[in-house]
Structures are given as C-alpha cells and as structure tokens.
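Dear colleague,

I am handing over the structure we spoke about, and I would be grateful if you could look through it before reading on. My notes come after it.

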Amino acid sequence: MSSRFVGAIVAGLALAVAPFVSTAAAVQGGATPASTAPPSAASLQAVIAAAARSAAADPSFAAKTPDAKLEAVQASVAAALAASGASPEVIAAALIQAVASNVISAGVALKVAAAVAPGMAATVANAPAVVAQLKATGQTATVTSSTAGGSVSVLVSLSGSTGGGGDGAAPPAAYDPCAGVTADYCGT
C-alpha cells in the first residue's frame with residue numbers, strides 16, 4: 001500500500017471517529033450544556049446529602065458527642081456548598097428544602113447558613129420547615145447577626161430540651177444534629 005492510501009484511510013477514520021470521541025469525552029468530563037447551568041436548590045439536595053454521608057463515614061462518628069457530630073456534618077456540608085458556586089439565595093433555599101425533607105437537621109442548616117451564606121441565616125432560621133423541626137424536637141435556635149464594614153457576622157446558638165421535670169433550672173441539653181432527622185448519616 002502506498003503511504004498516501006494509508007494516510008487517506010487514517011484521515012477518514014479520524015473524521016468518522018471524532019464525533020464519538022468528543023461525545024465520550026463530554027460525558028466522562030461532565031462538559032455538557034446542562035452542567036454549566038447554575039446550581040439550583042433541587043440540584044444541591046444531592047450535594048448536601050452526600051456531604052452529610054461523607055462526614056458520617058468517619059468510623060468514630062457514632063461515638064462523637066452531639067456537638068462534635070454537628071461540627072462534622074456542618075463543616076462537610078458547608079465546604080460542599082461553598083464549592084458549588086451557588087448564590088446565597090440558592091444555598092438558603094437548598095438548606096430549607098433539605099430540612100423539610102429530613103436530609104439535615106434544622107441546626108445543621110442554620111450553622112451552614114451562618115458559615116456559607118451569612119446574609120441568609122435569618123431567612124433559614126425563619127423558614128416554616130426549620131421552625132417546625134426545631135419545635136417538634138424540643139430544640140431552640142437563636143440567630144444573632146451584625147454588620148460591620150459590609151460583612152455579616154452570624155452567631156447561632158442551639159440547644160435541646162432538658163427532658164426531665166424538676167425546677168427548670170437545669171441547663172439545656174446539647175443540640176443533637178440527628179434529632180428529627182431520618183438521614184442515612186444519623187443511622188436511621
């Protein structure tokens with residue numbers, strides 16, 4: 001065979017295979033037109049659930065105190081949402097939706113909002129799903145925010161019910177991030 005004939009065959013194969021290779025690369029790399037769309041509250045549900053499961057994958061998670069569980073889940077979810085590039089409004093809506101569907105607890109949502117979308121922490125705190133879950137589990141949350149130099153600082157204080165009678169002077173219990181949550185990471 002002549003080198004021209006072989007060159008023509010190679011060029012023809014390259015032209016015939018190119019559309020398949022670019023499609024396969026786009027599928028493998030996730031470079032589809034839909035993946036360039038900004039994240040939505042609905043699309044972030046999988047991100048939130050995966051981040052919570054990732055925090056719970058630590059073998060010592062079950063033995064951690066409620067505060068340590070809250071910190072682990074909050075850190076994982078906050079990092080995932082920050083990396084998503086979603087706007088604060090979308091993050092707030094996603095957190096509220098995750099609480100409503102029992103993916104994360106209200107306290108986790110509040111802590112994440114304070115860390116990732118502080119301007120929206122009050123919106124998350126006042127959402128009916130968040131208020132209802134806190135009330136149903138006998139837990140409370142206080143969100144205090146202040147603005148200084150254009151930045152928002154949010155302090156979230158969480159506490160659980162003391163669960164007993166007595167004179168009412170007992171300090172509130174630690175907030176349990178798994179109270180009222182049916183998510184995988186809580187073991188239910």
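What follows is a short account of what was found, going from the whole chain to its core, its helix pairs and one loop residue.

Please keep in mind throughout that this is a predicted model. The chain is built from seven helices and two strands, and, read from the N terminus, these elements follow the order α-α-α-α-α-α-α-β-β. Of its 188 residues, 31% count as buried, while the accessible surface comes to about 10200 Å², with 63% of that belonging to carbon and sulfur atoms. If one takes the contacts between residues at least 6 apart in sequence, 62% of them join residues that are at least 24 apart.

The core is a good place to begin. In soluble globular proteins, nonpolar side chains tend to be buried together. Here the largest nonpolar core has 37 residues, and those with the most contacts inside it are Ile48, Val77, Leu81, Leu95, Ile104 and Val130. Two or more residues are given to this core by each of α2 (44-56), α3 (66-84), α4 (88-100), α5 (106-116), α6 (121-126) and α7 (128-136). To take one of these core residues as an example, Ile48, once its neighbours within four places in sequence are left aside, is in contact with Val77, Leu81, Ala94, Leu95, Ala98, Val103 and Ile104.

Among the helices, α5 deserves a separate look, since it is mostly covered, with eight of its 11 residues buried. Those buried residues are Ala106, Gly107, Val108, Ala109, Leu110, Val112, Ala113 and Ala114.

Which helices pack against α5? One of them is α4, whose axis lies 9 Å from that of α5 at an angle of about 170°. Because angles over 145 degrees count as roughly antiparallel, α4 is roughly antiparallel to α5. On the α4 side this contact is made by Ile91, Leu95 and Val99, and on the α5 side by Ala106, Ala109, Val112, Ala113 and Val116.

Another is α3, which packs on α5 at an angle of about 50°, with the axes 9 Å apart, and that angle makes α3 oblique to α5. The crossing of these two helices is right-handed. From α3, the residues that make the contact are Leu70, Val73, Gln74, Val77, Ala78, Leu81 and Ala82, and they meet Gly107, Val108, Lys111, Val112, Ala115 and Val116 of α5.

A further pair is formed by α4 and α7, with their axes 8 Å apart and an angle of about 40° between them, so that the two helices are oblique to each other. In this case α4 passes α7 in a left-handed crossing, and the residues that meet are Ile96, Val99 and Ala100 in α4 and Ala129, Val130 and Gln133 in α7.

Finally, there is a loop residue to consider. Ala86 has its place in the loop between α3 and α4; is this residue buried or exposed? Its relative accessibility is 13%, and it therefore counts as buried, the cut-off for that being under 20%. Leaving aside its neighbours within four places in sequence, Ala86 is in contact with Pro39, Leu44 and Ile91. Of these, Leu44 is 42 residues away from Ala86 along the chain, yet the C-alpha atoms of the two are separated by 8.7 Å.

With best regards

Definitions and conventions. Residues are numbered from 1 along each chain as its sequence is written. This is a predicted model: local features need pLDDT of at least 70, side-chain atom pairs count only at pLDDT 80 or more; totals for chains, interfaces and linings use all residues. Side-chain values use heavy atoms; hydrogens and water are left out. Helices (H or I, at least four residues) and strands (E, at least two) are DSSP runs, numbered from the N terminus. Buried means under 20% relative accessible area, exposed over 50%, partly exposed in between (1.4 Å probe, protein chains only). Contact means heavy atoms within 4.5 Å. Accessible areas come from the Shrake-Rupley method with a 1.4 Å probe; for residues, only the protein chains shown count as cover. A nonpolar core is a set of buried Ala, Val, Leu, Ile, Met, Phe, Trp, Tyr and Cys residues joined through side-chain atoms within 4.5 Å. Axes are lines fitted to C-alpha atoms, for helices over the stretch in contact, and angles run from 0 to 180 degrees between N-to-C directions. Angles under 35 degrees count as roughly parallel, over 145 as roughly antiparallel, 65 to 115 as roughly perpendicular and the rest as oblique. A crossing is left-handed if the near helix is turned anticlockwise from the far one by less than a right angle, and right-handed if clockwise.
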